[in-house]
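The following exercises are to be worked with the sequence and the model at hand. Each task is followed by a solution in steps.

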Amino acid sequence: MSMTITEKILAVHAGRDHVSPGDMIEAKVDMALANDVTAPLAIKVFREIGMEKVFDTGKVTLVADHFVPNKDIASAEQVKIVREFARQQGLKNYFEGGESGIEHIILPEKGLVLPGQLIIGADSHTCTYGALGAFSTGVGSTDLGAIMATGEVWLKVPPTILLRYEGSLQPHVGGKDLILHTIGLMGVEGALYCAMEFTGGVISRLPMYQRFTMSNMAIEAGGKNGIMEPDETTLAYVAERTSLEPDIFRSDPDAEHERVIDIKVDGIEPQVAFPHLPSNVRPVSEVGDIPIDQVVIGSCTNGWLEDLRDAARILKGRKISPGLRLIIMPGSPLIYKLAMREGILETFLDAGAVIGPPCCGPCLGGHMGVLASGEIAVATTNRNFVGRMGHPESEVYLANPFVAAASAVMGRVGGPDQL
Amino acid sequence: MIQGRIWKFGDDVDTDVIIPARYLNVSAEAELAKNCFADMRPDFAREVLVGDILVAGKNFGCGSSREHAPIAIKAAGIRAIIAESFARIFYRNAFNIGLPLLESIEASKGLSDADGEDAVVDLAAGRIEGKGQVFSARPIPDFMAKLIDAGGLVEYIKKVKIGR
């Protein structure tokens with residue numbers, strides 16, 4: 001019986017020859033992940049279950065990235081719970097301070113997640129690792145606490161929506177625009193309970209960082225996971241980071257799909273998602289005149305080194321609009337260092353940017369760039385819900401790093417072509 | 001049987017609206033309940049009573065995986081949520097903590113103007129009464145029903161997986 005890549009990975013981890021959409025399975029987890037917001041609750045659940053030790057000290061990773069450097073006493077107490085638990089359990093992978101960055105950037109960067117794995121994280125953007133050809137999805141803290149205790153998770157095998165991208169990309173158009181365009185097409189619940197499988201000539205030519213961006217936002221269409229078959233690009237990325245052997249799974253040619261969506265990319269411009277849903281997209285040429293107060297470049301969606309390079313290409317030799325705040329958050333300490341070495345950070349500083357530490361920062365309105373009432377931001381982040389970046393009467397427009405950088409220069413929402 | 005007042009919400013209610021991120025620096029249930037729907041419906045946390053029922057449209061609970069969202073709703077007093085559809089992580093989280101969800105397009109639409117009115121929910125039968133009408137919901141899947149019967153995933157694992 002033929003299977004999709006998602007079904008094959010789930011079957012192997014459930015110890016079965018075959019699974020079909022709708023099957024309830026209990027599957028073994030290769031990596032369990034939580035952060036400073038979700039781990040304290042998961043730890044509480046783990047203790048309630050009554051187990052002494054986590055199922056495997058190498059397969060539970062905890063990352064302090066949401067409200068760090070600790071923004072207030074309450075946040076510091078949460079991180080303390082996580083730190084003490086990690087020490088007491090002897091976890092091999094706990095990241096805080098100068099070792100920490102955004103979870104979905106540092107796990108791939110450190111080679112902790114691999115093709116073919118089953119990865120479950122108490123964070124909705126855990127779907128990011130689908131770009132590596134892994135099954136990876138977000139859950140809540142109770143699920144994560146149970147996984148830490150048992151090493152297993154219950155899952156319903158999702159039907160797969162196959163998305164095929166063909167054609168040639170326009171300049172300044174990349175993974176962010178493809179996924180925003182797709183969410184616009186499908187709606188924020190268009191892939192509810194489903195696996196999204198990204199394929200086609202365009203995907204095979206996309207660099208790794210843009211693949212991560214696409215898989216990262218599968219959740220924004222309601223998807224359970226957003227997966228891509230591993231290819232030479234994937235394997236080269238993984239080989240640079242770990243000596244562990246990846247498990248390569250590919251969809252059978254006659255695998256069944258709930259839907260197949262063909263997307264011709266030639267006409268796709270840089271996309272901008274208007275408030276207050278990621279599906280509310282328009283091409284950048286149709287945005288109109290929207291003055292802005294702040295631009296944020298970073299996050300698990302677009303905090304990669306290459307994203308910073310893209311933004312720096314636009315900002316080189318330019319100044320941001322007077323009175324505007326440009327906040328740049330590199331995704332990891334390594335990205336920070338390499339950006340420094342390449343002179344990218346100097347370009348940002350010369351343009352008038354504030355450079356923050358590697359963390360989630362203002363993306364979820366936590367700290368380091370929260371918006372006041374009536375303020376408008378352009379962000380390379382993933383959500384523009386009401387109040388996401390601060391006051392309930394503030395607004396967020398989502399875009400790629402080129403558009404974010406160009407908007408910072410112009411003081412309004414716009415693309416590099418308008419500079 | 002669950003009997004209470006209806007709190008009506010629309011489509012795509014996300015977890016940032018249910019519990020804004022600025023309140024996520026604590027995990028205590030009572031604190032989370034106090035700030036539930038803080039921006040969208042400030043009267044909710046003040047006036048909601050134990051046993052009340054939340055009725056929403058499509059894709060309820062979309063966005064982040066924060067379990068603080070269903071915890072806040074449950075700790076505030078809500079005993080069942082009825083919606084056209086639920087975002088999948090919220091769906092898992094709610095059943096895992098023992099907060100039952102019912103999917104019913106007809107009830108969601110039929111009770112769209114019933115904010116503040118009474119409703120009665122029979123979970124086992126998937127039956128919802130309100131505005132003098134009776135609506136039916138999709139049956140709760142077997143596995144989810146087991147979770148609710150056990151009192152959530154923690155109790156389920158203790159009983160079934162570890163045998164305590």
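In β10 of chain A, Ile227(A) is the bridge partner of Glu197(A). The model is a predicted one, in which local features need pLDDT of at least 70 and side-chain atom pairs count only at pLDDT 80 or more, while totals for chains, interfaces and linings use all residues. Residues are numbered from 1 along each chain as its sequence is written, and chains are lettered from A and ligands numbered from 1 in the order in which they are written.

**Exercise 1. Place the bridge of Glu197(A) and Ile227(A) in its sheet.**

Step 1. Strand β9 (residues 195-199) of chain A is joined to β10(A) by 3 bridges, and the two run parallel. Helices (H or I, at least four residues) and strands (E, at least two) are DSSP runs, numbered from the N terminus. Two strands pair if DSSP finds at least two bridges between them.

Step 2. An open sheet of 4 strands has the order β10-β9-β8-β11 in chain A, with parallel pairing. β10 (225-227) and β11 (259-264) of chain A are at the edges with a single partner strand each, so one side of each lacks a neighbour in the sheet.

Step 3. From one strand to the next, the twist averages 20 degrees. Axes are lines fitted to C-alpha atoms, for helices over the stretch in contact, and angles run from 0 to 180 degrees between N-to-C directions.

**Exercise 2. Describe the sheet of chain B and its edges.**

Step 1. The order of this open sheet of 7 strands is β4-β3-β2-β1-β5-β6-β7 in chain B, and the pairing is mixed. At the edges are β4 (101-103) and β7 (133-136) of chain B, each of which pairs on one side only. Here the twist averages 30 degrees from one strand to the next.

Step 2. β5 (residues 118-122) and β6 (residues 127-130) of chain B run antiparallel and are joined by 4 bridges. Opposite Ala119(B) stands Gly130(B) in β6(B).

Step 3. As a general point, strands of a sheet pair through backbone hydrogen bonds, either parallel or antiparallel.

**Exercise 3. Characterise the packing of α2(A) with α5(A) and of α11(A) with α13(A).**

Step 1. Helix α2 (residues 39-49) and helix α5 (residues 141-150) of chain A pack at about 50 degrees, their axes 7 Å apart. The two are therefore oblique to each other; angles under 35 degrees count as roughly parallel, over 145 as roughly antiparallel, 65 to 115 as roughly perpendicular and the rest as oblique.

Step 2. The crossing of α2(A) and α5(A) is right-handed. A crossing is left-handed if the near helix is turned anticlockwise from the far one by less than a right angle, and right-handed if clockwise.

Step 3. Residues of α2(A) in this contact include Leu41(A), Val45(A) and Phe46(A), and those of α5(A) include Leu144(A), Gly145(A) and Met148(A). Residues are in contact if their C-beta atoms, placed from the backbone, lie within 7 Å. The contact has 10 nonpolar, 3 polar and no charged residues; Ala, Val, Leu, Ile, Met, Phe, Trp, Tyr, Cys and Pro count as nonpolar, Asp, Glu, Lys and Arg as charged, and the others, Gly among them, as polar.

Step 4. The axes of α11 (residues 305-315) and α13 (residues 344-351) of chain A come within 9 Å and cross at roughly 45 degrees, which makes α11(A) oblique to α13(A). Their crossing is left-handed.

Step 5. Leu308(A), Arg309(A), Ala312(A) and Leu315(A) of α11(A) meet Ile344(A), Thr347(A), Phe348(A) and Ala351(A) of α13(A). By class, these are 6 nonpolar, 1 polar and 1 charged.

**Exercise 4. Locate the cis peptide bonds of Pro69(A) and His276(A), and the positive phi of Tyr193(A).**

Step 1. The bond from Val68(A) to Pro69(A) is cis, with omega near -15 degrees. Pro69(A) lies in the loop between β3 (60-63) and α3 (73-89) of chain A.

Step 2. Pro275(A) and His276(A) are joined by a cis peptide bond with omega of about 0 degrees. The loop between β12 (271-273) and β13 (281-283) of chain A holds His276(A).

Step 3. Tyr193(A), although not a glycine, has a positive phi of about 65 degrees. Its place is the loop between α6 (175-186) and β9 of chain A.

**Exercise 5. Which elements of chain B give two or more residues to the side that touches chain A?**

Step 1. In the interface, 35 residues of chain B are in contact with 43 residues of chain A.

Step 2. The elements are α1 (15-18), α5 (88-96) and α8 (153-161) of chain B.

Step 3. The residues on this side of chain B comprise 13 nonpolar, 9 polar and 13 charged.

Terms used:
Contact = placed C-beta atoms within 7 Å.
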